[in-house]
Amino acid sequence: MSLTVYNTLIRKKVPFTTIESGRVRMYVCGPTVYDHAHIGHAKLYVSMDVILRYLRYTGLDVLYVQNITDVGHLLDSGEDRIMKGARREQTDPMQVVERYMRSYMDDMDALQNIRPDIMPRAAGHVPEQIAAVEQLIKNGNAYEINGSVYFDVSSFPEYGKLSGRKIDELQEGTRLDVSTDKRRPEDFALWKRADPEHIMRWSSPWGEGFPGWHIECTVMASKYLGANFDIHGGGLENVFPHNECEIAQSEALSGKTFANFWLHAGSLTVSGVKMSKSLDNSVTIQNALIDYPAEVIRMFVLSSHYRSPIDYSKEAVNAAYRGWQRLTGPALAVQQALLSTQDSNTPKVDFSSAIKLTRDEFTAAMNDDFNAPKAIACLFDFAKNVNGLLSEYPRPDDTTLQSIDKVYNDLAGTVLGLLPSNSTTYVNHENKLIEILVELRNAARQQKDFATSDSIRDKLATAGVILEDGLSGTTWKTDLSNPSD
RNA sequence: GGCGACGUGGCCAAGUGGUAAGGCAGGGGCCUGCAAAGCCCUUAUUCGCGGGUUCGAAUCCCGCCGUCGCCUCCA
C-alpha cells in the first residue's frame with residue numbers, strides 16, 4: 001500500500017507522488033519570533049515533524065525548509081509585533097528576534113522535533129524579496145502607490161483556488177481598516193512604506209520600507225526548493241490569506257505550480273477557545289513542559305488526526321499522559337529485561353507474527369494520510385501482547401526481546417518520537433544508586449522485613465522513582481510529574 | 001453575509017456503503033506480603049437533528065441545528 005495524503009488544494013485524499021523520484025522538497029511556514037512559542041505552535045510543528053519523520057522512515061530523501069519571520073508584521077492595532085516586543089523588553093528589535101528565535105528552537109528541540117535542514121530568515125532575504133516585487137511589477141501583477149507595492153489580485157484569475165474564496169464574496173475590512181492606498185480592498189501588500197517611527201526598515205526602489213508578510217515565503221521557498229516543489233505545510237488558519245497569497249505571487253512570478261501538495265494542520269484551542277493575549281489563556285511550550293514530559297505533549301498532539309482541531313485541557317493532557325505511560329511501559333520493561341542474563345532453559349517463543357502484524361498495521365495507518373491516532377492504537381495492541389509475554393517466567397529469550405525493542409525504536413521512537421529521551425537503562429551514577437537501593441530492598445523482602453522494604457519503596461517514590469515487583473525481578477521507572485494536578 | 005473545519009459512549013478519539021478500533025475515567029475478578037504495573041471481564045442496538053437513496057448508511061444526497069476558525073500581514 002502506498003501513501004495517500006489529503007491535499008487542501010483539491011480537497012481530496014490522493015496518492016502521494018514526488019517530482020523527483022525518491023526525493024521530497026518540503027516547506028513549512030515558521031513562526032514570527034516576537035514572543036515565546038505556545039502550545040498552538042507545538043501542535044502544528046509536532047504534526048509536521050511526524051509527517052517529515054514518516055516520509056524519511058519510508059526511505060524518501062526529504063529536504064525540509066522552515067522559515068523564521070523576523071521582519072515587522074503588524075498586529076490588529078497596526079503595531080509592529082517585533083517593535084512591540086522590543087518596547088516591552090526595552091531592547092533592540094533584532095535582539096528580540098534573536099532571543100525568541102533561540103527560545104523557539106529550544107522548545108522545538110525539547111519537543112523532539114527534528115530540526116529543519118534550512119531555516120532561512122526573512123530579514124536575511126530582503127534583496128531577493130525586493131527583486132521578486134520588481135519582477136511582479138514588470139509582469140503587470142503589482143503596482144506601486146506612495147512607497148508601497150500591492151499585488152493586483154485581478155491579474156491572477158486563479159486567486160482563491162486554495163481557500164475556495166471568490167473575490168466578490170469577500171467581506172472587506174472585517175478585521176482591519178482597508179488601506180486607502182489600495183486600488184481594490186482584496187489587493188494585498190508586497191512592500192510597505194515605513195512610517196518615520198518604524199524601526200525595522202530597508203532601502204528599496206520605492207523608498208524605505210519593509211516586505212509584506214507573504215512575499216518572504218514565496219522567495220525563500222523558491223530559493224531553496226525551486227519554483228515548483230512537493231509539499232507546503234502550515235496551519236489551517238493560514239490557508240487564507242497567507243497561503244492563497246503565496247500561490248498568487250509565486251505562480252504569477254514563475255508561471256509554474258508552486259507546491260503540488262498542501263498539507264494543513266488543524267488549530268488548537270484552550271478549554272474550547274482560541275488562545276489570545278487579551279483572554280490571557282495563552283500557554284507557552286515552556287510552561288507546558290513544566291507540567292508534562294515533552295513526549296506527553298507529543299502524545300497529546302498525536303492522539304487526534306493532524307487535520308483535526310484539538311482542545312488543550314488538563315483532563316485531555318492527563319489522559320494522554322496515562323496513555324503514554326501505558327504505551328511506553330512495555331518498551332522500557334523490555335530494555336530492562338535485556339539487562340538481565342537470559343535463563344539457560346528459556347523456551348524460544350515465536351513472537352514474529354505479532355511483530356509483523358504491528359508493523360503492517362502501523363504502516364497502513366500512516367500511509368492513510370499520516371493517521372497517527374490509528375497508528376498509536378496499533379501500538380496499544382502491541383503493548384498488550386508484549387505485557388502478556390513479559391509476565392511469563394522465565395523472561396523471553398534475547399532475540400525475541402531485541403526484535404520487540406526494534407519495533408518500539410522504529411515506530412514509537414523514530415517515527416512518532418514518543419520514547420522517553422532519558423532511558424532508565426543508561427549506565428550512570430544516578431541509575432546505579434537506584435539499583436543499589438533496589439538490591440537492598442530486595443534483600444529486606446527476602447527476610448520478610450517489609451517495614452524496611454516498604455520504606456525504601458515509599459522514599460524512592462517521593463523522589464519520583466516508582467518500583468514494580470514482577471516475577472523476573474523488580475523494575476523501576478521515573479515519574480516526576482503528577483498528572484492529577 | 002461568505003468560505004472552511006468539526007459534531008461518534010462520562011471524557012478524548014479512529015472509522016467515507018457491510019453491520020461501532022483504541023486510550024482515559026468507572027465497575028467486577030485474577031496476580032501481589034502489601035502496593036504498583038499487568039492480565040481477564042464489563043460500560044454506545046448507536047454515531048448533532050429531520051428527511052431521502054440503498055438489500056444495507058456514522059459513512060452517499062437534501063434540509064436544518066450547534067461549536068470553532070478564517071474573511072488581506074496570528075501557527
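This note goes through the fold of chain A, one sheet, one helix pair and one loop residue.

1. Overall picture. The model is predicted. Chain A holds 14 helices and 15 strands. Of its 485 residues, 50% are buried. Take the contacts between residues at least 6 apart in sequence: 75% of them join residues at least 24 apart.

2. The sheet. Four strands make an open sheet, in the order β4-β3-β9-β10. The pairing is parallel. β4 (61-66) and β10 are the edge strands, and each pairs on one side only. On average, neighbouring strands of this sheet are turned by 20° against each other, direction ignored. As background, strands of a sheet pair through backbone hydrogen bonds, either parallel or antiparallel.

3. β3 with β4. These two strands pair in the parallel sense, over six bridges. Which residue of β4 stands opposite V28? It is Q66. Between the two strands the chain passes through helix α1 (residues 39-57). This β-α-β crossover is right-handed.

4. β3 with β9. Strand β3 covers residues 23-28, and three bridges join it to β9. The two run parallel. Y27 has H232 in β9 as its bridge partner.

5. β9 with β10. Strand β9 (residues 229-235) is joined to β10 by six bridges, again in parallel. G234 is bridged to H264 in β10. Helix α6 (residues 239-254) completes a right-handed β-α-β unit with β9 and β10.

6. α6 on the sheet. Helix α6 packs on the sheet and touches β9 and β10. The direction of α6 makes about 170° with that of β10.

7. Edge strands: enclosed or not? Both have one-sided pairing, so the burial figures deserve a look. In β10 (residues 259-265), six of the seven residues are buried, so β10 is largely enclosed by the rest of the structure. In β4, five of the six residues are buried, so β4 is also largely enclosed by the rest of the structure.

8. Helices α4 and α5. At what angle do the axes of α4 (residues 126-138) and α5 (residues 215-225) cross? The angle is roughly 105°, and the axes come within 9 Å. Angles of 65 to 115 degrees count as roughly perpendicular, so α4 is roughly perpendicular to α5. On the α4 side, the contact is made by E128, Q129, A132, V133 and L136. On the α5 side, I215, E216, V219 and K223 take part. The residues of this contact divide into five nonpolar, one polar and three charged.

9. F16. This residue sits in the loop between β2 (12-15) and β3. Is F16 buried or exposed? Its relative accessible area is 14%. Buried means under 20%, so F16 is buried. Neighbours within four places in sequence aside, F16 is in contact with L3, T4, V5, V24, L55, L60, I231 and F261. I231 is 215 residues away from F16 along the chain, yet their C-alpha atoms are separated by 9.9 Å.

10. Where F16's partners lie. V24 is one of the contacts of F16, and β3 spans residues 23-28. I231 is another, and β9 spans residues 229-235. F261 is also in contact with F16, and β10 spans residues 259-265. L55 is on the list too, and α1 spans residues 39-57.

Methods: Residues numbered from 1 in each chain as written. Chains lettered and ligands numbered in written order. Predicted model: local features only at pLDDT ≥ 70, side-chain atom pairs only at ≥ 80, totals over all residues. Heavy atoms only, no water. Axes fitted to C-alpha atoms, helices over the stretch in contact; angles between N-to-C directions. Parallel < 35°, antiparallel > 145°, perpendicular 65-115°, else oblique. Contact = heavy atoms within 4.5 Å. Nonpolar A, V, L, I, M, F, W, Y, C, P; charged D, E, K, R; others polar. Buried < 20%, exposed > 50% of the residue type's maximum accessible area, 1.4 Å probe, protein only. Pairing = 2+ DSSP bridges. Right-handed = clockwise from strand over helix to strand, strands pointing away.
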